[in-house]
Amino acid sequence: MCKKRSQQYNPAGYNTMQNYPPQSGYGTKPQVSGARKFGAYLKAAVKLTFKYFFAKLLICMLMGVAAALVFRIMKVPAPALWAVLLAVGNFIPVFGQWISGAVILLGVLIFAPDKVLLVLVVMLLLQVADEFILSPLIVGKSLSFSPLLIIGITLLAGLFISGWGVIFAVPIAACIKLAFDVFYLKKDIDAAVNGE
């Protein structure tokens, strides 16, 4: 009357004791629920945003140190003050650089009018180095983006968003790329954050 265990009907198609499906933790990766995956994505997006702002802060500090050294070599009065203004202005996109540059040039014009042209040239060279060398390399490495992609995102954001939106364009692009990698390409979140 009673069938043997190996011959009993099993809708999963497993008809012997040896053919049980693998348990989670035994060779297969457990499935993550949608809510947990989204929560992990949000954590990773916040981490990417912090990495971006840390990279920007590092760039501003490098710009400030470079400006202080060059202004000191040029014997510009109060080089540390002008370097701090340049670094703070560098953190604020688009307008910050122009405003801090105008304040620096006005101050140098008052205290050392013979050095204004040299200070202007130094500031322009530092800005070019920042926009096309430091930012793409440091921010690109911290977010696992190509330096050319960073330049492109910044230029497009400057054209279409302008102002404060420029500072958020790169981290928003990084979060969009992370969402694409995690939810569409089904990459592991840690691998997607590290650019693997």
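**Helices, contacts and a few odd residues**

Trainee: How many disulfides does the structure hold?
Mentor: A disulfide is a covalent bond between the sulfur atoms of two cysteines. Here the test is a pair of cysteine sulfur atoms within 2.5 Å. Going by that test, the number of disulfides in the structure is zero.

Trainee: What kind of model is this?
Mentor: Residues are numbered from 1 along each chain as its sequence is written, and side-chain values use heavy atoms, with hydrogens and water left out. Local features need pLDDT of at least 70 and side-chain atom pairs count only at pLDDT 80 or more, while totals for chains, interfaces and linings use all residues, since the model is predicted.

Trainee: Is Cys-175 buried or exposed?
Mentor: Let's get the scale straight: buried is under 20% relative accessible area, exposed is over 50%, and partly exposed is in between (1.4 Å probe, protein chains only). Cys-60 has 5% relative accessibility, so it counts as buried. With 15% relative accessibility, Cys-175 also counts as buried.

Trainee: How many helices and strands does the chain have?
Mentor: Both are DSSP runs numbered from the N terminus: helices (H or I) need at least four residues, strands (E) at least two. Read from the N terminus, the elements go α-α-α-α-α-α-α. So the count is seven helices and zero strands.

Trainee: At what angle do the axes of H1 and H6 cross?
Mentor: Axes are lines fitted to C-alpha atoms, for helices over the stretch in contact, and angles run from 0 to 180 degrees between N-to-C directions. H1 spans residues 34–73 and H6 spans residues 165–184. Their axes come within 9 Å, and the crossing angle is roughly 150°.

Trainee: How do the residues of that contact divide?
Mentor: Contact means heavy atoms within 4.5 Å. Among the residues making it are Lys-37, Phe-38 and Thr-49 of H1, and Ile-167, Pro-171 and Cys-175 of H6. For sorting them, Ala, Val, Leu, Ile, Met, Phe, Trp, Tyr, Cys and Pro count as nonpolar, Asp, Glu, Lys and Arg as charged, and the others, Gly among them, as polar. The residues of the H1 and H6 contact come out as 17 nonpolar, one polar and one charged.

Trainee: Which residues does Leu-126 touch, leaving aside its neighbours within four places in sequence?
Mentor: Leu-126 sits in helix H4 (residues 116–143) and, at 13% relative accessibility, is buried. Its C-alpha atom is 7.0 Å from that of Met-63, though the two are 63 residues apart along the chain. With those sequence neighbours set aside, Leu-126 is in contact with Met-63, Ala-66, Ala-67 and Leu-86.

Trainee: What separates the C-alpha atoms of Leu-57 and Phe-91?
Mentor: Leu-57 lies in helix H1 and is partly exposed, at 44% relative accessible area. Leu-57 and Phe-91 are 34 residues apart along the chain, and their C-alpha atoms are separated by 7.2 Å.

Trainee: What is the phi of Lys-75?
Mentor: Lys-75 is in the loop between H1 and helix H2 (79–91), and its relative accessible area of 65% makes it exposed. Ala-78 is found in the loop between H1 and H2 too; that residue isn't a glycine, yet has a positive phi of about 55°. Lys-75 isn't a glycine either, and its phi is positive, at about 60°.
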